[in-house]
Amino acid sequence: MHTIRALVAHLAASWQLMTDPAEADRGDSPVGTAVITAILVAGAVVVAGAIVAVANGWVALIPTQP
């Protein structure tokens with residue numbers, strides 16, 4: 001029973017600390033997040049294009065008639 005009370009007290013104290021407006025974390029700017037996302041998307045498009053190019057080159061090497 002003591003362990004349950006200690007756990008509940010710890011969880012209540014943690015919850016109070018996390019929801020305290022003075023300690024609120026405002027996070028990053030949405031502009032910075034959008035820029036990082038755009039860079040990741042551009043990188044993914046480049047990688048996908050390279051994969052398609054390699055796959056097309058590989059398929060072109062397959063003979064069509066024996």
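1. Helices here are DSSP runs of H or I with at least four residues, numbered from the N terminus. With that settled, I39 is found in helix 2, which covers residues 30-60. Do keep in mind throughout that this is a predicted model.

2. A word on the overall make-up: the protein has two helices and zero strands. Its radius of gyration is 27 Å, well over the 11 Å that the globule rule gives for 66 residues, so the protein is more spread out than a compact globule. The C-alpha trace agrees in its own way, spanning about 80 × 35 × 10 Å along the principal axes.

3. Burial is quickly told: 0% of the 66 residues count as buried. The accessible surface of the protein comes to about 6,300 Å², and carbon and sulfur atoms account for 72% of that area.

4. Turning to helix 1, its 17 residues reach 24 Å from the first C-alpha to the last, close to the 24 Å expected at 1.5 Å a residue. Helix 1 is also hardly covered, with zero buried residues among its 17.

5. I4 is a good residue to look at within helix 1, which runs over residues 2-18. I4 counts as exposed because its relative accessibility is 52%, and the cut-off for that class is over 50%. Together with M1 and V8, I4 forms a nonpolar patch on the surface. The accessible area of M1, I4 and V8 together is about 350 Å².

6. Back to I39 in helix 2: is this residue buried or exposed? I39 is exposed, since its relative accessible area is 57%. You may also like to locate I39 relative to V52: 13 residues separate them in sequence, and their C-alpha atoms are 20 Å apart in space.

Technical notes: Residues numbered from 1 in each chain as written. Predicted model: local features only at pLDDT ≥ 70, side-chain atom pairs only at ≥ 80, totals over all residues. Heavy atoms only, no water. Patch = residues over 30% accessible without salt bridge, like charges linked within 9 Å, V, L, I, M, F, W, Y side chains within 5 Å. Areas by Shrake-Rupley, 256 points an atom, 1.4 Å probe, with all protein chains shown as cover. Salt bridge = Lys/Arg side-chain N within 4 Å of Asp/Glu carboxyl O. Buried < 20%, exposed > 50% of the residue type's maximum accessible area, 1.4 Å probe, protein only. Rg over C-alpha atoms; globule rule 2.2 N^0.38 Å. Expected span 1.5 Å × (residues − 1).
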